[in-house]
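Here are my notebook entries from a session with this model, written up for a colleague who likes to check angles and pairings. Please keep the viewer open and follow along.

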Amino acid sequence: MNPSQRRGLLGSALLSLLVLLIVGAYYLWGETWQARVLYATFVNLLVVIGLQVFTGNANLTNFSHAAFMGIAAYAAAICVTPVAMKAISLPDAPWGLNAFELGPWTSALVALGITGGLGLLTGVFVARLTGVGVTIVSIAILVIVHSIFLHRTDIFKGNQALFGIPKVLDLPQITALVIIAIFAARWFRESRFGLQLRACADDEIGARAMGVNVFRTRLIAWVLGTLFFAVAGIAYAFFLGTISARPFYFNFVFLTVAMLILGGLRSVSGAVFGTLLISIGLETIRWLETGPQIAGLKLPQMLGLSGLMLGVVIVAVMALLPSGLMGNLEIEDLLRRRKRAETPEPR
Amino acid sequence: MLEISNLRVTHGPIEAVHGIDISVPAGTCVALLGANGAGKTSTLSAITGTAKSTGTIRLEGEDISALPVEARVKRGIALSPEGRRVFYNLSVRENLVMGAAIRKDKAAIAEEVDHWFTRFPILGERRDQPAGTLSGGEQQMLAIARALMSRPRILLLDEPSLGLAPQIVERIFEMIRELRSQGVTILLVEQNATAAIGLSDHVYVLNNGLVSSQGRAADYGNGAELMDQITGVHG
């Protein structure tokens, strides 16, 4: 383990503590409906941490994450839903998709395998590209997958809901997944591959001149990222009980990218802070949208405010803090800075 | 050590180097001098494999001209690029580790990183800072130290003095002199002919993509005449 990885463990532990504090606060003071909000936030957190792995380290914008998340969600849902239920929800499914059912763990593994395989297939193309090429191809992947979801209604039900998925996961399990994701993403960032990927982001030719295999490094990060999205998709399907094509599209893509940009895409701590801040902010705005009464003052209904605010936040952050709240810093750097400020360096 | 014959380097449709021969014997420092656009950096790019070229490049007798970049680094070619291209967002320590990207011996890498921190305490103090926050001279030191992290057989230095204050240049050349006395084989590309001749064994002068003159460094005196030729400034 190198010094950065040792520090990474400390940083991951601190971020995990933050996540545990939030969950603890919910169990102590929260209301039942907030469990759903918290679960959704943690699904987003899994996605944004996954985005950090490729987009953050390689500094290449990826918009296809919602597609991979959807693929995993559908794959897991189709495997895990009982045959009796599929007779109603997927009566016309081809290839005997409605004639078998698997346990939740097996279903999750199948979903991970399918998504990882598609990640590898697309990665072979994506990893050869640079800059805007990656972004365009990722958008193409998103659009292709979405139209398959919409038009193969015999398998995916299109805009209708695929229902009857048993509820497998709850708050404790997704909390564990989030913590594993934080450690994994941070470990990757500080690993040999993570370092090489960040070096390519600064100076691709320079990194190549040092003997870095840019293609292999990008491919590894891309596939690893899709696995994070797969876990998020599975967790989504295993909690909600119904899924449809609509959530796995542009709205969700922009929301999660905004979270990453706000926090600062170069650090895992940035991904976590960005997600938590925007989630809390959006919940507050949604409450404001309904026109609540604050200190005797009745606010008007302001529907659509959340979308507007999201745009404002992105513009403001890009203008004022181009590298996000955290920039290059991780959570443990903040603590060390404070310590250093207290004990002036000897001259 | 390094033998180049009939090297032609092209950038798309443009040929920048029109067939040159250069020889760098082991343990020596060879200077490649010339004005802007003479083809110096193109020559280095061809040696590292980042530019298209024809002709042969031999490293210790082996023809490496068809090998990809990584394979050449593995065989012992390291470049400290022009304009101190350090990785701005990586810390000083991470930059040095990147220099050893082709090596797998983690313990030895960590030891060598520490060695550079003792050798250049200023880099040691800033080991956790992004390299982009270093001064120009510090970045140049880092770029050279990083190139040496791959344990090269030959070190290619591309204009290490470019854009640095005279005092800093003196320190960088001091560093190169030390490397040379330790037996590191160096191919030094420079516009600052006077300084480069002072620490080289052999000199090649490039002009419009051709070698216009070559000889022992001692034959060029203090390089004043050459400096006139290269820069067009008559002092």
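**Entry 1: the middle of a sheet in chain B**

I started with β3(B) and strand β9 (residues 202-207) of chain B, which pair in the parallel sense over five bridges. A reminder to myself: this is a predicted model. For one pair to click on, I took B:Gly34, whose bridge partner in β9(B) is B:Leu206.

Next I followed β9(B) to its pairing with β10(B), which is antiparallel and has six bridges. Here B:Val205 has B:Ser213 of β10(B) as its bridge partner. I then looked at the link between these two strands: β9(B) and β10(B) make a hairpin with two residues between them. In that turn, B:Asn208 has a positive phi of about 50 degrees.

**Entry 2: zooming out to the whole sheet**

In what order do the strands of this open sheet run? I read off six strands, β6-β7-β8-β3-β9-β10 (chain B), with mixed pairing. β6 (77-80) and β10 (210-216) of chain B are the edge strands, and each pairs on one side only. On average, neighbouring strands of this sheet are turned by 15 degrees against each other, direction ignored.

I also checked β7(B) against strand β8 (residues 185-190) of chain B: they run parallel and are joined by five bridges. B:Leu155 finds its bridge partner in β8(B) at B:Ile186.

Then I looked for helices on this sheet. Helix α7 (residues 166-181) of chain B packs on the sheet and touches β3 (29-34), β7 and β8 of chain B. The direction of α7(B) makes about 155 degrees with that of β8(B). α6(B) lies across β6 and β7 of chain B, and runs at about 170 degrees to β6(B).

**Entry 3: a long-range neighbour of B:Gly34**

I went back to B:Gly34 and looked up its distance to B:Gln229. The two are 195 residues apart in sequence, yet their C-alpha atoms are 8.6 Å apart in space. B:Gln229 lies in helix α9 (residues 224-231) of chain B. Is B:Gln229 buried or exposed? I have to put it in between: B:Gln229 is partly exposed, because 17 other C-beta atoms lie within 10 Å, and burial would take 20 or more.

**Entry 4: the other sheet of chain B**

I found an open sheet of four strands in the order β2-β1-β4-β5 (chain B), with antiparallel pairing. Why do β2(B) and β5(B) each have a side without a neighbour in the sheet? β2 (14-24) and β5 (62-63) stand at the edges with a single partner strand each, so one side of each is left free of a neighbour in the sheet.

Strand β1 (residues 2-11) of chain B runs antiparallel to β2(B), and eight bridges join the two. I marked B:Leu2, whose bridge partner in β2(B) is B:Val24. Helix α1 (residues 40-48) of chain B packs on this sheet, touching β1, β2 and β4 (52-59) of chain B. The direction of α1(B) makes about 110 degrees with that of β1(B).

**Entry 5: unusual phi values**

Most residues other than glycine have a negative phi, so I made a note of the following two. B:Arg151 has a positive phi near 50 degrees, and sits in the loop between α6 (136-148) and β7 (154-158) of chain B. With 15 other C-beta atoms within 10 Å, B:Arg151 is partly exposed.

In chain A, A:Asn59 has a positive phi of about 55 degrees, though it is not a glycine. I located A:Asn59 in the loop between α2 (32-58) and α3 (65-80) of chain A. A:Asn59 counts as partly exposed, with 17 C-beta neighbours inside 10 Å.

**Entry 6: α3(A) and its partner**

α3(A) has 16 residues and reaches 22 Å from its first C-alpha to its last, close to the 22 Å expected at 1.5 Å a residue. I checked burial too: 16 of its 16 residues are buried.

The axes of α3(A) and helix α6 (residues 132-151) of chain A come within 8 Å and cross at roughly 35 degrees. The crossing is left-handed. On the α3(A) side, the contact is made by A:Ala66, A:Ala67, A:Gly70 and A:Ile71. On the α6(A) side, I listed A:Ile141, A:Leu142, A:Val145, A:His146 and A:Phe149. By class, that contact has seven nonpolar, two polar and no charged residues.

How values were computed. Residues numbered from 1 in each chain as written. Chains lettered and ligands numbered in written order. Predicted model: local features only at pLDDT ≥ 70, side-chain atom pairs only at ≥ 80, totals over all residues. Pairing = 2+ DSSP bridges. Contact = placed C-beta atoms within 7 Å. Axes fitted to C-alpha atoms, helices over the stretch in contact; angles between N-to-C directions. Buried ≥ 20, exposed ≤ 12 C-beta atoms within 10 Å, placed from the backbone. Left-handed = near helix turned anticlockwise from the far one by under 90°. Nonpolar A, V, L, I, M, F, W, Y, C, P; charged D, E, K, R; others polar. Expected span 1.5 Å × (residues − 1).
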